[in-house]
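User: Hey, can you walk me through a structure? I'm new to this, so plain words please.

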Amino acid sequence: MSKPFIEVRGLSKFFDIGNNKILKAVNNLSFSIQKGETLGLVGESGCGKSTAGRTLIRLYEPTAGNVLVDGTDITKLSKSKLKAQRSKMQMVFQDPYASLNPRMTILDIIGEALDIHGLAGSKSERKRRVEELLELVGLNAEHASRYPHEFSGGQRQRIGITRALAVNPQFIVCDEPISALDVSIQAQIINLLIELQKKMDLTYLFVAHDLSMVKYMSDRVAVMYLGKIVEMARSEDLYANPQHPYTKALLSAIPVPDPEVEAGKERIVLKGDLPSPVNPPSGCPFRTRCPAATEKCKSDVPEFREVRPGHFASCHYA
Amino acid sequence: MKSILDVQNLSVSFAVYGGEVQAVRDVSFDVKEGEAVAIVGESGSGKSVTAQTIMRLIQTPPGKIKKGKVFLDGQDLMSLSEKEMQKVRGNKIGMIFQDPMTSLNPTMTVGKQIMEGLIQHQSLSGAKANERVLELLTLVGIPNPETRINQYPHQFSGGMRQRVMIAIALACTPALLIADEPTTALDVTIQAQILTLMKDLQEKTKTSIILITHDLGIVADICDRVIVMYAGQIVETGTKHEIFSNPQHPYTKGLLKSLPRLDQAKDEPLIPIFGTPPDLIKPPQGCGFCSRCDSAMRICETEIPEQTKISDTQSVRCWLQHPYAKEQGSDAGKEASA
């Protein structure tokens with residue numbers, strides 16, 4: 001296998017939340033992403049998936065661990081050097097309503113990215129480049145002079161994607177890019193992301209909670225629970241053959257838009273809620289909700305191991 | 001089977017700067033006893049406004065019920081005074097709102113909030129009401145009801161709060177339960193818990209349910225009949241089997257095609273619906289879906305399609321299914337491609 005494009009080793013992000021309490025949002029993550037690959041990151045709210053995405057490109061300072069982007073360890077870089085690296089890695093945010101400055105025109109929103117990285121020589125070149133980018137994502141060149149409120153949610157997300165693309169990135173973290181959009185619009189954005197990936201050889205980290213979209217979008221999928229990856233495998237493999245009881249429950253919980261399938265389905269309903277990441281359970285973090293938990297799960301932390309070739313899980317019984 | 005709710009030609013508008021948003025346009029449907037009906041559609045399609053109008057929760061102004069009648073057990077809710085309406089809300093119709101984080105009162109204990117309806121509508125004494133609240137908390141699956149009853153909403157998780165909302169809605173054993181996106185704010189594993197609970201409760205109490213959602217998966221799971229709304233109108237209705245296996249309206253078809261299936265390969269592209277829904281300040285003269293429809297004909301731009309019956313339970317508002325189109329057959333097709 002070739003050298004991975006993104007390599008994450010022992011990445012952790014802890015938040016000090018006062019009263020001597022530490023919230024371990026992301027706890028010792030290790031994974032890698034190949035060039036041109038999409039890694040899906042799924043989990044429930046509060047499992048640390050968004051924090052992982054943000055820490056990965058140093059929007060949050062990591063507490064521990066290293067992130068190698070194309071061989072460069074970005075956790076060690078100075079501010080100015082990091083800025084130069086940032087053109088390689090960009091982010092598409094969840095809420096297209098909150099992530100665009102309402103007082104700036106689209107030209108300036110996208111142009112700002114070009115200015116920061118000194119990618120546009122003259123004013124006219126800047127404008128030409130923005131218009132080119134807008135057309136690339138299926139908007140019109142004349143949209144450049146408009147303000148965000150003049151666009152619908154799907155169009156705004158296209159603008160968010162354009163802004164990320166402006167600096168010719170190689171790696172994009174997509175943090176729930178479709179969850180704020182209507183069903184009929186979601187497919188438009190997903191198709192756009194896939195098309196751009198093919199055209200520009202992009203590498204994606206696709207963070208989402210919609211499991212069927214993640215499966216469709218990703219080559220490999222990692223499932224997070226309480227700040228840790230509990231299972232990771234090629235997406236067909238993970239969905240066809242889940243090893244960790246949490247993944248099994250998560251998959252069975254997705255309502256399928258087909259009455260025949262729903263009628264015949266045995267749904268695993270997990271008891272209780274996600275435990276607090278401030279005070280995670282001893283041993284296996286999932287044991288409080290796991291239908292198959294034993295004494296061993298209480299005392300021993302399961303190791304994240306390769307249960308089958310290319311299929312990793314952290315469960316004593318996988 | 002008897003209809004418990006009958007909505008006839010309901011139209012609701014909102015006055016805004018720059019005009020009037022016609023949020024609900026001529027909507028008619030009924031809900032039978034013990035039936036679970038889903039209203040699906042995207043944001044702005046008028047599904048929540050329809051539900052709130054049934055409960056008369058539309059703020060007027062800016063909202064206005066332009067026309068239409070809503071019969072609950074033969075009584076027209078639109079003609080009731082506010083005082084009479086208060087006897088219906090929470091008593092005959094229960095409602096579960098989308099966001100359990102903001103729809104409970106943070107300054108009142110959960111027990112008091114469930115009790116409010118019981119004391120108001122059934123004039124139960126404090127002790128009796130207390131007993132009933134404990135019963136309800138057990139019914140919706142909240143452990144340790146004796147301690148929980150005296151706790152405040154912030155001590156509950158999202159899923160537990162939604163259970164409390166369900167307990168409030170069911171407190172007076174209403175004939176109809178309206179659930180407006182009850183699981184949208186919840187995680188999938190918690191959503192599975194709430195859906196299972198709702199299914200169980202419906203079997204136990206035989207309450208009719210209107211479930212408003214944009215998630216077709218949930219519809220397939222717990223509903224009997226489906227109403228598809230688009231741009232303020234009902235575009236298609238039918239049993240869930242008809243809607244999923246034999247959709248007739250191009251919007252319903254498009255919606256089903258734009259969802260990835262778990263068995264779908266990555267090289268098989270999703271088929272999105274292009275464009276965006278129309279602006280309801282100036283709703284299109286003809287069919288609301290016309291501008292996004294692949295098979296739009298000339299008539300679609302000018303005339304709102306009539307309701308066409310496909311079967312006893314399924315009907316659709318689309319010119320393609322209209323008897324005229326069937327008669328014209330290939331002619332209509334030619335016109336469309338021209």
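Analyst: Sure, we'll go through the chains, some salt bridges and a pocket.

User: Anything I should know before we start?

Analyst: This is a predicted model, so local features need pLDDT of at least 70, side-chain atom pairs count only at pLDDT 80 or more, and totals for chains, interfaces and linings use all residues. Residues are numbered from 1 along each chain as its sequence is written, chains are lettered from A and ligands numbered from 1 in the order in which they are written, and side-chain values use heavy atoms, with hydrogens and water left out.

User: Cool. How many helices and strands does chain B have?

Analyst: Chain B has 13 helices and 12 strands. Helices (H or I, at least four residues) and strands (E, at least two) are DSSP runs, numbered from the N terminus.

User: And what box do its C-alpha atoms fill?

Analyst: Taken along the principal axes, the C-alpha atoms of chain B fill a box of roughly 75 × 50 × 45 Å. The radius of gyration of chain B is 22 Å, which agrees with the value near 20 Å for a compact globule of 338 residues. That radius is taken over C-alpha atoms, and the globule rule is 2.2 Å times the number of residues to the power 0.38.

User: What share of chain B is buried?

Analyst: Of its 338 residues, 52% count as buried. Buried means under 20% relative accessible area, exposed means over 50%, and partly exposed is in between (1.4 Å probe, protein chains only).

User: What does UniProt list for the two chains?

Analyst: An unreviewed UniProt entry places "domain: ABC transporter" at residues 6–251 of chain A. For chain B, UniProt lists "domain: ABC transporter" (unreviewed entry) at residues 7–256. UniProt positions are given in the numbering used here, feature names are shortened, and annotations may be inferred rather than shown by experiment.

User: How much helix and strand is in those spans?

Analyst: Residues 6–251 of chain A are 37% helix and 26% strand, with end C-alpha atoms 27 Å apart. Residues 7–256 of chain B are 39% helix and 28% strand, and their end C-alpha atoms lie 27 Å apart.

User: Switching topic: how many salt bridges are there over all chains?

Analyst: The count comes to 29 salt bridges over all chains. A salt bridge here is a side-chain nitrogen of Lys or Arg within 4 Å of a carboxyl oxygen of Asp or Glu.

User: Which residue does Asp70(A) pair with?

Analyst: Asp70(A) meets Lys88(A) in a salt bridge, 3.9 Å from N to O. This pair links distant parts of the chain, 18 residues apart: Asp70(A) is in the loop between strand E4 (64–69) and strand E5 (72–73), and Lys88(A) is in the loop between helix H2 (79–86) and strand E6 (89–92), both loops being in chain A. Asp70(A) is partly exposed at 40% relative accessible area, and Lys88(A) is partly exposed at 22%.

User: Where do Arg129(A) and Glu132(A) lie?

Analyst: Both lie in helix H4 (residues 123–136) of chain A, 3 residues apart, about one turn of the helix. Their side chains form a salt bridge at 3.1 Å, N to O. Arg129(A) is partly exposed at 21%, and so is Glu132(A) at 39%.

User: What about Glu35(B) and Arg225(B), buried or exposed?

Analyst: Glu35(B) and Arg225(B) are both buried. Their salt bridge is 2.8 Å, N to O. It links distant parts of the chain, 190 residues apart: Glu35(B) sits in the loop between strand E2 (19–32) and strand E3 (36–40) of chain B, while Arg225(B) is in strand E9 (residues 225–230) of chain B. Asp30(B) and Lys32(B) are linked with Glu35(B) and Arg225(B) in a network of salt bridges.

User: Okay, pockets. How much space lies in the second largest one?

Analyst: About 550 Å³. Among its 22 lining residues, the closest to the centre are Arg89(B), Gly90(B), Glu116(B), Gly117(B) and Ile168(B). A pocket is an open set of points on a 1 Å grid over the protein atoms alone, where a 1.4 Å probe fits, with protein on both sides within 12 Å along at least five of seven lines; lining residues have an atom within 4 Å of a point. Grid points are joined across faces, edges and corners, and the volume is the space filled by probe spheres set on the points.

User: Which element gives the most to the lining?

Analyst: H3(B) does, with 6 residues.
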